[in-house]
Amino acid sequence: MKMRQKDSRKRTGKRGLCLLTALFLAAGILGTAPVPGSAAAKQPDLTRTDGSIVFEPAAPGSDYAAELEKADIVYDVYRIAEAEAGSAAGRYTYRFLEPYQPLEAEYRKGLDNDGWAELAQKAMAIAISGGEAPVREGVTEAKELGCGLYLVITRSAKNRQGDVLHYTDSDSYVVKGENADGTPRLDSVVEAGDNAYAFAPVLVSLPGLEPGEGEEDSGEWLYRLTVDMKPEQVRYGYLKLIKNLESFETHDPATFVFEIRAVTGGEDGSPEQVVYSDVVTITFTEPGQQSLLVGPIPVGARVTVTEVYSGISYTQVSAPSEPVVIEAGRIAEYPFTNRYEGRNSHGGAIVNHFEYQSGDWKWTQIEGGTSAGAEASAGEDGGRQ
């Protein structure tokens, strides 16, 4: 991890899908102290509120940079901890804020790079499950920030239909999968050109410390940072389930249930194998359009989506879609359109809901449907339940 200068801005980078943070610019490692550097380093001014972070989807000149620069990518920024003076000169520590306060105990134990990456994952799980709104939403530069630790979630500014996305619409761009060791992982998926890219959540500390050049105390505190993301081009595919509701009756939420089944084989005489199977829901409280991102799904799989429940008062008016074949790095679309029949029959639904708690996904069952957007999460196989 090193800093470089461009247009008078200091820039940091990230390797793979690991934690990106300005915390370890100088030493390259993290210990119990949140900011490395010598004890002779100048004490940061933690009262400043004029900090800023500029985001780049990829380091200039790196793989995918040109394609990602053309994509309409923005960032939601969450302040998860305040900066407080540390016990040693030239250092500071954190006081975690609600609803992220449960993460402080893990931080106090001391974290290596993998530990910080896991902390970013847990913070994202909290953020997308109904936590506090981001302090800056849908930006490419977060301005007028106080000192502290920030969670950054990448997403597209608009979906293909042109509707502005909101941080609470995370079902349309966040996917839940697994790391190589089987632990849960959250990624944001963004379309750029003919490809799809996965962005892990990152943590950025403000201020960051510029590495010294020769003298121990030559490092300067930086209150304006530029962060280069390094996304991963996905080698699997996704399915975007798009539901259009032409009209809406004014009494109860309208919940729609879909069965998703992906298979391989069966076309050349080989046995057909189910490689992905799930049931998901989308709930409306007004007419309009919602989408749900499903995956990851193996490349080459043929996917069929069946609307198994459309509410007592609604009728599907779109023609059945043909199965779609999943392509690497692409997001296939599967649209459905429903219309209110003109009769009011009260009803509800049951939704399986997962939350990341204490290092594991916890399951609960919600009666009466969900709020706007499906409140479905990841099961053990990485699919939505």
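The following exercises, with worked solutions, treat the fold, burial and charged side chains of this structure.

The model is predicted, so local features require pLDDT of at least 70 and side-chain atom pairs count only at pLDDT 80 or more, whereas totals for chains, interfaces and linings use all residues. Residues are numbered from 1 along each chain as its sequence is written, and side-chain values use heavy atoms, with hydrogens and water left out.

**Exercise 1. Describe the overall architecture of the protein.**

Step 1. The secondary structure comprises three helices and 26 strands; helices (H or I, at least four residues) and strands (E, at least two) are DSSP runs, numbered from the N terminus.

Step 2. Of the 385 residues, 51% count as buried. Buried means under 20% relative accessible area, exposed over 50%, and partly exposed in between (1.4 Å probe, protein chains only).

Step 3. Among contacts with a separation of 6 or more, 70% join residues 24 or more positions apart, a contact being heavy atoms within 4.5 Å.

**Exercise 2. Determine how the salt bridges R95–E84 and K122–E106 are placed in the chain.**

Step 1. A salt bridge requires a side-chain nitrogen of Lys or Arg within 4 Å of a carboxyl oxygen of Asp or Glu. By this rule the protein has 14 salt bridges.

Step 2. In the pair of R95 and E84, the closest N and O atoms are 3.5 Å apart. R95 belongs to strand β5 (residues 92-96) and E84 to strand β4 (residues 73-85), 11 residues apart.

Step 3. R95 is partly exposed because its relative accessible area is 35%; E84, at 31%, is likewise partly exposed.

Step 4. For K122 and E106, the closest N and O atoms are 2.9 Å apart. K122 lies in helix α3 and E106 in helix α2, so this pair ties together parts 16 residues apart in sequence. K122 is buried because its relative accessible area is 15%.

**Exercise 3. Establish the burial of the D187–R185 pair and identify a salt-bridge network.**

Step 1. D187 forms a salt bridge with R185, with the closest N and O atoms 2.8 Å apart.

Step 2. Both D187 and R185 are buried.

Step 3. D76, E137 and R155 are joined into one network by salt bridges that share partners.

**Exercise 4. Locate D112 and characterise its exposure.**

Step 1. D112 lies in the loop between α2 (104-108) and α3 (113-127).

Step 2. D112 counts as partly exposed because its relative accessibility is 47%.
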